[in-house]
Amino acid sequence: MVLPAARADDGDPRDQGAGRSVTTEELGEMLLPHFPIKYPVPGFLDLIVRTPRLAMRPQTNRIDADMDVSAQGPALNRTQAGRLGVGFALRYEARDKTVRAHQLSFNSLDFPGIRPEAVELIRVYGPALAQAALQEVVLHQFKDKDLAVLDVLGMRPGKITVTEDGLRIGFEPRPL
C-alpha cells in the first residue's frame, strides 16, 4: 500500500484530517498470506481455518471476520465443515511500522454436521483458535518509502477508523 501525500480526502463528511483510505477488498488481500491456518489438538483433531470474509462495523470501530473451518482427525469419522466468527480492532505499531489486528473477540464456532456433545468439546478450543487465527496478525507493514512523504512532514500513521467501505488511517504528528 503506497500512501499518497498527506492531505484530506476530498468531500468525505467523515473526514477527520489527513489520512489514507483502505477498501474492504484491499484489507482482505492483506489477510491472504496468513491463511489457511492449521490448529492441531494433538490426539483429538486438527482444525483448519480458511481466509476470512470481512464485515465492517463502523458503529463499534471493529471488523467481524467469518471463516470457514474444517475439522478432521481421530475424534471424527470424517472431515467436518464449520464456521468460526471473530471480531477485532486494528492498531498501528510505530515500532515496526505495521497495522495489526488486536482486541480479538470470539463470536462463534459452529459445526452443523457434528453431534451437539462433540461441538461443545470443539467449542472449548474456539477462543484459542480465534487467537491463533487473528490475534496480532500483521495486516500490513509499511516500507520506509511508503512513509517518506509523511516523514518529511513530521507525521506518521495514527488512528485507524473502520468505515462502511473499509478503513481510514489517519495521519498524526510524529512524536519528537
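**Charges and rings in the predicted model**

E164 sits in the loop that runs between β9 (155-163) and β10 (166-173); helices (H or I, at least four residues) and strands (E, at least two) are DSSP runs, numbered from the N terminus. The model is a predicted one, with pLDDT of at least 70 needed for local features and 80 or more for side-chain atom pairs, while totals for chains, interfaces and linings use all residues. Residues are numbered from 1 along each chain as its sequence is written, and side-chain values use heavy atoms, leaving out hydrogens and water.

With a relative accessibility of 55%, E164 counts as exposed (buried is under 20% relative accessible area, exposed over 50%, and partly exposed in between, with a 1.4 Å probe and protein chains only). On the surface, E164 joins E25, E29 and D165 in a patch of negative charge. Such patches take residues with over 30% relative accessible area and no salt bridge, joining like charges within 9 Å; Asp and Glu count as negative, each charge being placed at CG of Asp or CD of Glu.

As for salt bridges (a side-chain nitrogen of Lys or Arg within 4 Å of a carboxyl oxygen of Asp or Glu), the structure holds 13. One of them pairs R20 with E26, where the closest N and O atoms are 4.0 Å apart. R20 is buried at 15% relative accessibility, whereas E26, at 30%, is partly exposed.

R53 turns up in two of these contacts: a salt bridge to D66, with the closest N and O atoms 3.0 Å apart, and another to D68 at 3.2 Å, N to O. Because R53 lies in strand β4 (residues 53-57) and D66 in strand β5 (residues 62-72), their pairing ties together parts 13 residues apart in sequence. D68 is also in strand β5, so its bridge to R53 ties together parts 15 residues apart. R53 is partly exposed at 37% relative accessible area, and so is D68 at 34%. Elsewhere, R91, E93, R95, D96 and R100 are joined into one network by salt bridges that share partners.

What does a search for aromatic pairs find across the whole structure? It finds one, a pair being rings of Phe, Tyr and Trp (its six-membered ring) with centres within 6.5 Å; planes under 30 degrees apart are stacked, over 60 edge-to-face and the rest tilted. The rings of Y92 and F142 have centres 5.9 Å apart and planes at 65 degrees, so the pair is edge-to-face. Y92 belongs to strand β6 (residues 80-93) and F142 to the loop between β8 (138-141) and α4 (144-152), so the pair links distant parts of the chain, 50 residues apart. Both rings belong to buried residues, Y92 at 15% relative accessibility and F142 at 3%.

Notes: Patches are made of residues with over 30% relative accessible area and no salt bridge: like charges are joined within 9 Å, nonpolar side chains (Val, Leu, Ile, Met, Phe, Trp, Tyr) within 5 Å. Accessible areas come from the Shrake-Rupley method with a 1.4 Å probe; for residues, only the protein chains shown count as cover.
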